Amino acid sequence: MDVAIEVMLRSAAVLAAFLVLPLVVGQTEHKTMGHMQGRVGPMYAGGFHGWAQLVADGVKFVQKEDITPYAADRGVFRTAPALGLVSYMMALAVIPLGPGTIAANVPASLLVVLAVSAIGTVGTLMAGWASGNKYSLLGGLRSAAQLVSYELPLLLACASFAMAAGSLSLVEIAHAWTPWWLLWQLPGAIVFLIAATAELQRPPFDMPVADSELVLGPYTEYTGLRFALFLLAEYAGIVVMSLLFAVLYLGGWTGPFDGVLAWVWTLLKGFVIAVLIIWIRVSWPRLREDQLQRFAWLGLVPLALFQVAITAVGVVLIGDKL
């Protein structure tokens, strides 16, 4: 009975974090874009500093009619929005916020996060395929190509860290982290941040949903709450990738009074990375599809392999001194 209660409490905690953290990121994006681009809505909705913008968006999506196109594959069309949410919820369950603050402490948690988080992009492909719309199909195929291209440098960057720590457990990696790794693993950090942004299909890597080319790509036929679920999954992906970056490259819960404030430090570091991802969206123009592929294979993959080589040399020659 005690085990069942513990499992229920941990599941409830993950669900609560999953419902709150993406909304915090969404509101932060509204405010950041409002300040940087002078947008009126996010600055004034509800009165004080536009606090009600997220509420207004929610009401708007609830009021919209839920439409399924006649030519769509109805089962796949309706399932696709939930796939990203479920995948990121599973990933969030194994990311540690502190040495003892983790819902599911599995031995190879790094592999679990990378495996299940990639499923979210499959949901985008399903949406494009099932919509019965040529623009949606093109967007889905772009999404699949982007997943293949940027998954490799992302995996190589994470593999470098696993080699350095000698473990695939995120808890063990965080314990092995030292400030020296900020320099030693810097190329991998750059690769990870760029590849994660591309995996999330965030600007400037939003070619699958390029409105000037594909209307809205895989999401063209979606309305109401189903479209809102895709937006929520995008913000949930930002939360997962930001927290993973914080654990791998920023020491996770390492900080002053981390015996008491461990989870606070992890969340703060993850929030800084989330703001950086939002800042990139506001500041950088969209790439072309050919530039996207060239950047992945001729830029990120060689840099990630260089990071793996540096890590291998460091582990063999210097070992524990690192």
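Tutor: A salt bridge is counted when a side-chain nitrogen of Lys or Arg lies within 4 Å of a carboxyl oxygen of Asp or Glu. The model here is predicted, and a search of the whole structure finds seven salt bridges.

Student: Which residues are linked in a network of salt bridges?

Tutor: The network links Glu29, Arg202, Glu234 and Arg281.

Student: What makes Glu289 and Arg142 a salt bridge?

Tutor: Their closest N and O atoms are 3.9 Å apart. The limit is 4 Å, so the pair counts. Glu289 is in helix 14 (residues 289–317) and Arg142 is in helix 7, with their positions 147 residues apart, so the bridge joins distant parts of the chain.

Student: Why is Arg142 called buried, and why is Glu289 called partly exposed?

Tutor: Buried means a relative accessible area under 20%. Arg142 has 19%, so Arg142 is buried. Glu289 has 21%, which means that Glu289 counts as partly exposed.

Student: What makes Asp206 and Arg286 a salt bridge?

Tutor: The N to O distance in this pair is 2.9 Å, and the limit of 4 Å is met, so the pair is counted. Asp206 is in the loop between helix 10 and helix 11, while Arg286 is in the loop between helix 13 (258–283) and helix 14, so parts that are 80 residues apart in sequence are tied together.

Student: Are these two side chains buried or partly exposed?

Tutor: Asp206 has 9% relative accessibility and therefore counts as buried. Arg286, with 31%, is partly exposed.

Student: How do you know that Arg288 and Asp290 form a salt bridge?

Tutor: Their closest N and O atoms are 3.0 Å apart, and 4 Å is the limit, so they form one. Arg288 has 47% relative accessibility and Asp290 has 35%. Exposed would need over 50%, so both residues are called partly exposed.

Student: What stands out about Gln201?

Tutor: Gln201 is not a glycine, yet its phi is positive, at about 60°. Its place is in the loop between helix 10 and helix 11. The relative accessible area of Gln201 is 8%, so Gln201 is buried.

Student: Where is Pro204, and what is the peptide bond from Pro203 to Pro204?

Tutor: Pro204 lies in the loop between helix 10 (186–199) and helix 11 (211–214). The bond from Pro203 to Pro204 is cis, and its omega is near 10°.

Student: What makes the nonpolar surface patch?

Tutor: Leu15, Leu19, Val20, Val24 and Phe271 make a patch of about 400 Å². Helix 1 (residues 2–37) gives the most, with four residues.

Student: Why can Val24 be part of a patch?

Tutor: A patch residue needs over 30% relative accessible area. Val24 has 38%, so Val24 passes that cut-off. Val24 is in helix 1.

Student: What is known about the largest pocket?

Tutor: Its volume is about 1200 Å³. The lining has 43 residues, and those nearest the centre are Phe227, Leu231, Glu234, Tyr235 and Arg281. Helix 12 supplies the largest share of this lining, nine residues. By class the lining has 23 nonpolar, nine polar and eleven charged residues.

Student: Why is Leu231 called partly exposed?

Tutor: Partly exposed runs from 20% to 50%. Leu231 has 28%, so Leu231 falls in that range. Leu231 is in helix 12. Its C-alpha atom is 9.2 Å from that of Pro81, which is 150 residues away along the chain.

Student: Which residues are closest to the centre of the second largest pocket?

Tutor: This pocket holds about 270 Å³ of space. Of its 13 lining residues, Ala13, Val14, Leu97, Thr101 and Ala103 are closest to the centre. Helix 1 gives the most to the lining, with five residues. The classes are eleven nonpolar, one polar and one charged.

Student: What makes a cavity something other than a pocket?

Tutor: In a cavity a 1.4 Å probe fits but cannot get out, whereas a pocket is open. There is one cavity of 30 Å³ or more, and the largest cavity has a volume of about 40 Å³. The largest cavity is lined by Tyr88, Leu114, Ser117, Ala118, Thr121, Glu151, Leu154, Glu199 and Met241. Helix 5 (109–117) and helix 7 (134–165) are the elements that give two or more of these residues. Five of the lining residues are nonpolar, two polar and two charged.

Methods:
Residues are numbered from 1 along each chain as its sequence is written. This is a predicted model: local features need pLDDT of at least 70, side-chain atom pairs count only at pLDDT 80 or more; totals for chains, interfaces and linings use all residues. Side-chain values use heavy atoms; hydrogens and water are left out. Patches are made of residues with over 30% relative accessible area and no salt bridge: like charges are joined within 9 Å, nonpolar side chains (Val, Leu, Ile, Met, Phe, Trp, Tyr) within 5 Å. Accessible areas come from the Shrake-Rupley method with a 1.4 Å probe; for residues, only the protein chains shown count as cover. Buried means under 20% relative accessible area, exposed over 50%, partly exposed in between (1.4 Å probe, protein chains only). On a 1 Å grid over the protein atoms alone, a cavity is a set of points where a 1.4 Å probe fits but cannot get out, and a pocket is an open set with protein on both sides within 12 Å along at least five of seven lines; lining residues have an atom within 4 Å of a point. Grid points are joined across faces, edges and corners, and a volume is the space filled by probe spheres set on the points. Ala, Val, Leu, Ile, Met, Phe, Trp, Tyr, Cys and Pro count as nonpolar, Asp, Glu, Lys and Arg as charged, and the others, Gly among them, as polar.
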